[in-house]
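Trainee: I am new to this structure and would like a close look at a single part of it. Could you take me through how its pieces are arranged, step by step?

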Amino acid sequence: MAIAHEFDYVKPGTLREAVNTVARYGTRARVLAGGTDLITLIAENMVTPDAVVDIKGIAGLDKIEFKNGVLTIGALVTFSDLRDSPVIAKKFPVIHQMTGWVASVGIRNRATMVGNICSAVPCCDSGPILLVYDAAVLVVGPSGKRKVPLRDWFLGPRKTVLKRGEIATGVTLALPRKKHGACFVKLRRYEGEDLAQASVTVLAYADNTYRISFGSVAPRPIRGERIEALLAGRALSDDLIQEAVRLVPEEIAPITDIRATKEYRMHMVGVMLERGLRAAVERITGSGPAYGTSVI
Amino acid sequence: MSSLKIVGESPERIDGLEKITGAATYVDDIDFGARLLHAEIVETPYAHALIKSIDTSAAEKVPGVVRVITGKDFPYRFGLYMQDRFSFPTDRVRFVGEQVAAVVAHDAKTAKRAAKLVKVVYEELEPVLDLTKALRDDAVLVHPDLGNYTRCPWFFPQAGTNIAHWRKTRKGDIEKGFKEADVILEDIYTVPRYSHCAIEPHVIVGLYDLSGRLTLWSASQSPYTQRHVLAQALAPLGLSHKDIRVVTPYVGGGFGGKAGVSMEIIGAALAITVKGQPVKVRWSRAQEFYNTYQRQGVIARIKLGAKKDGTITAIEHTLHWDAGAYVEYGANVVNAVGLSATGPYRIPNVKIDSVCVYTNLPPSGPYRGFGYSEFHFGLESHMNRMAHKLGMDPVEFRRKNAIREGDTLAYGAKMNPSGLHEAIDRVAAEIGWGKKEVSKDPNKVIGKGFACFWKAPALPPNAASAAFMKFNEDGSLNISVSGMEIGQGFLTVMAQIAAEILTVPMERIRVELPDTDRNAYEWQTVGSHVTWGCGNAVKAAALELRGKMFEVVERALGIARDTLYLEDEKVKCRTRADFELPLQNFVINGIQTSHGNFIGGPILGSGVFMPEFTSALSDPETSQGGHPNVHYTVGAAAVTLEIDKKTGKMRVLKATLAVDAGKAINPGLVKGQIVGGIVQGLATVLYEDIRYDLKGKLVNANFTDYKIPTSMDVPDEIVPIIVEVAQPDGPFGARGTGEHTMIPAAAMVANAVEDAIGLRMKIMPITAEKVALELQGISYEDVKGSYMGLCFAGHPDAYKFHTKASTKK
């Protein structure tokens with residue numbers, strides 16, 4: 001499809017230059033990494049920036065680093081890069097699993113995880129999964145660097161805390177020191193590529209504490225804090241799971257849209273939470289369904 | 001034919017290597033050079049409105065813009081069976097996305113920018129977005145001039161209403177039939193609209209050259225019909241058939257969507273207005289959804305009567321079709337169903353009313369199955385329910401009533417040879433009918449579903465096929481036909497038919513893609529009829545070639561032609577074992593006699609086929625008296641379905657389908673059709689889910705929210721079964737199978753759902769969401785939000801099958 005909108009295309013070679021350029025155009029600039037979201041928006045005239053600042057020429061943003069138990073994913077790291085990374089597969093198998101369910105291979109070859117959280121659509125897969133790891137976004141702007149905890153990052157659909165002139169350069173998260181298991185449950189309309197109708201991510205620790213997040217059931221990816229509090233310190237049992245499921249309506253606020261009704265989302269989040277909890281706990285000891293298997 | 005050599009085998013498809021290596025050329029691949037112009041369409045945002053004015057002046061001033069075209073420049077109406085569609089509407093728009101103007105520019109970007117500057121003033125009208133309102137006595141009319149439209153003689157539009165066509169079929173005595181019944185079951189089934197979603201969007205390049213010749217390179221399954229429809233529409237400009245040439249390279253899928261003429265009228269119109277320069281119109285994926293054809297939606301009421309022993313006594317089948325803004329092709333879908341909505345069963349008393357209703361949704365038209373998938377969903381669901389009501393096994397109930405050769409069809413003609421009973425038995429055996437399966441997962445249950453199907457090609461009685469054939473100097477062969485290779489393997493099958501008769505190996509045969517200047521005539525590649533129809537023409541041409549060769553041998557060498565036969569590319573003689581003459585020795589240059597002269601010359605020929613026994617003329621009140629369908633292809637299918645009771649998610653563990661191909665000329669390709677048809681059919685029932693908002697705008701004209709199957713969605717196991725009860729008038733006994741393989745999919749899933757969890761789903765699609773909600777006691781219809789899948793937003797169970805005209809009579 002032809003792009004009718006006219007804009008300046010800038011491809012800076014350094015981060016400083018990129019920040020200066022973005023600052024100069026202010027809200028009229030959009031940062032381009034994978035472009036799988038931005039370019040389609042421009043083609044459909046949904047977004048009409050004065051400048052597109054392509055950060056693909058900036059060295060160092062394409063790295064996956066794992067040092068001293070801390071994982072840093074650069075802004076140019078694609079989902080395919082993540083999927084092919086031995087460190088991710090070994091240390092963060094649930095992220096590895098998630099990358100296999102994001103869009104299709106062609107999209108994954110271009111789309112970046114940082115771009116995914118910058119687009120900030122409520123159905124993004126990266127948001128919920130990074131939330132359970134208490135990840136933070138690395139931001140560079142005119143006044144220097146800052147680190148934004150992911151739980152403060154999303155403001156609403158397509159809105160983040162990124163300020164004028166700022167660029168997200170990566171995300172960072174720590175590998176939990178405690179023994180743990182995790183499960184990413186994504187509700188899709190069929191087996192092919194799909195945006196999540198709803199998603200539930202569970203990170204369960206051997207000490208019976210839990211991190212839980214939800215996607216597509218609120219204006220932004222959210223943590224299930226009430227449920228986490230309920231479960232904290234308690235071994236999983238059928239009764240406890242049912243108690244947790246009963247709290248779901250207090251945690252999420254699904255709507256009816258073209259992808260699902262709120263009734264189905266509400267019902268399914270309960271089912272997904274139950275199965276996700278069980279699988280995550282089983283995986284702590286290496287039992288349960290293998291990572292990559294859908295539990296729904 | 002005693003022993004067949006290549007017919008019945010599965011040689012590699014002759015277009016296979018070209019396609020997998022990327023050598024195959026499609027319209028958009030053709031390089032027209034730098035002078036190629038590009039078009040952008042100005043579309044209406046309203047479902048129904050009057051056009052008050054169009055101001056193109058600002059757009060025309062944009063540098064790079066060549067022309068801006070509106071209905072003032074190009075007001076012509078067109079249509080296949082009824083001329084109700086507009087190249088550009090002049091006074092009224094009838095669906096969201098309809099073209100009101102087009103900008104032609106030197107590049108696509110400029111065209112797109114300028115299109116935004118075209119100012120159209122509309123006066124909004126109440127849109128017809130509800131079948132109930134469409135059929136009310138005081139309905140807003142989509143086509144106030146319906147009474148004046150040119151149409152084919154077997155359509156019955158009712159002027160002053162939104163009824164574009166009403167096919168009535170009456171057989172026996174319906175009241176008596178229901179009186180004889182011990183059990184009567186009546187219910188309503190709803191099928192929304194669907195989109196074809198061929199990989200290649202529609203695209204056309206038109207060039208009206210300085211000599212007044214219009215050439216169109218078109219992604220089409222109907223080159224000749226396009227030429228004919230366009231010639232009719234362009235006649236006011238002085239163009240006739242000989243002035244129009246349609247060239248169709250390979251197409252990336254059709255499924256009916258590239259039959260007839262839809263957006264191609266725009267390509268022709270624009271070409272004519274920019275004489276001397278080629279212009280391309282290429283549809284976006286969104287336009288592909290809303291401005292070509294869609295499969296029409298339908299609400300159907302079935303009343304079925306049967307005796308205690310399972311004998312069906314009567315059927316009353318009423319179908320109200322949401323056929324959209326233009327029905328120039330779609331009304332024939334309604335017509336086809338009106339003749340065949342008994343399904344493949346012997347039913348003595350029949351009343352069918354198939355009503356084609358204009359609405360302000362996008363135009364409907366042909367889609368693989370041509371209405372049969374739609375009515376089979378209800379009918380085959382109903383057959384299961386009736387069996388249960390009678391306390392009979394659903395397969396046994398079907399077998400008892402299954403149609404046989406010689407039975408009287410609903411419109412009075414006789415049923416053709418049919419392997420339906422064999423298909424039923426083989427499918428039942430393959431699926432393990434009657435054997436309950438249990439899932440290892442306690443959350444999951446397994447059900448089985450069964451369905452029969454039938455379908456006839458819906459052709460005008462004079463739909464003809466023709467073939468030209470000629471030998472080359474080396475004895476290789478060129479076949480020139482105008483059937484379209486749309487993935488089904490048409491080229492390969494035509495080559496096999498010629499190879500069988502002429503003993504020329506497949507690799508020495510070339511079958512040409514259509515060019516209406518050069519290739520022989522074919523009505524259209526639709527209705528699963530080209531293997532049968534064009535196959536007959538190719539067979540006739542091959543026989544003509546063979547006859548000419550024997551005649552030349554007789555004249556040159558004095559060997560009686562009736563002693564000659566072909567083997568291994570040689571003419572041989574039954575009475576002279578030592579005689580053999582390679583074809584390449586004489587098929588161009590003739591045979592030299594002892595006098596030194598040559599006898600013969602290039603061997604070429606032609607073949608023609610027309611179903612001369614058909615007739616569309618019948619009593620409009622009963623449909624009795626004609627012979628509208630050439631024959632039916634029948635079959636049966638079944639599925640083993642696993643359902644997660646908590647999530648509603650369904651997984652097809654196994655699907656099997658038996659189709660009576662008459663004779664499978666290429667069993668591998670028939671099996672390919674079975675697998676593809678099942679996958680496409682399963683998608684329509686499990687997740688394809690079209691959505692309109694309540695103002696008639698299609699809101700999922702994309703693959704983000706309209707899901708078609710991926711390789712991940714293919715069932716775990718598909719078992720294709722080929723039944724062969726020969727079609728006497730088919731080439732080697734063949735009849736078509738292409739569309740049929742998706743027809744039973746929806747009903748067999750619905751029946752499996754009921755078998756597994758006891759829920760009867762009567763509204764397509766049957767998504768995991770609907771199943772899960774139903775299991776929670778929530779009706780999806782109550783919570784679905786402000787969407788509709790066809791032109792009816794209410795609950796189908798409340799639908800009243802009222803029509804203005806029905807109260808008159």
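Mentor: In this predicted model, helix H11 (residues 394-401) of chain B and helix H12 (residues 420-431) of chain B cross in a left-handed manner. Their axes come within 10 Å and cross at roughly 165°, and since angles over 145 degrees count as roughly antiparallel, H11(B) and H12(B) are therefore roughly antiparallel to each other. On the side of H11(B), the contact is made by B:Val395, B:Arg398 and B:Arg399, while H12(B) brings B:His421, B:Ile424 and B:Ala428. Sorted by character, the residues of this contact between H11(B) and H12(B) divide into three nonpolar, one polar and two charged.

Further along chain B, strand S19 (residues 465-471) and strand S20 (residues 477-480) run antiparallel and are joined by four bridges; in one of these pairings, B:Phe468 has B:Ser480 of S20(B) as its bridge partner. The hairpin that S19(B) and S20(B) form has five residues between the strands, and in this hairpin B:Gly475 takes a positive phi near 85°.

S20(B) also pairs with strand S21 (residues 509-512) of chain B, and here the two strands run parallel, again with four bridges. In this pairing B:Leu477 stands opposite B:Ile509 of S21(B). Helix H13 (residues 490-502) of chain B completes the picture, as S20(B), H13(B) and S21(B) together make a right-handed β-α-β unit.

Notes
Residues numbered from 1 in each chain as written. Chains lettered and ligands numbered in written order. Predicted model: local features only at pLDDT ≥ 70, side-chain atom pairs only at ≥ 80, totals over all residues. Pairing = 2+ DSSP bridges. Right-handed = clockwise from strand over helix to strand, strands pointing away. Axes fitted to C-alpha atoms, helices over the stretch in contact; angles between N-to-C directions. Parallel < 35°, antiparallel > 145°, perpendicular 65-115°, else oblique. Left-handed = near helix turned anticlockwise from the far one by under 90°. Contact = placed C-beta atoms within 7 Å. Nonpolar A, V, L, I, M, F, W, Y, C, P; charged D, E, K, R; others polar.
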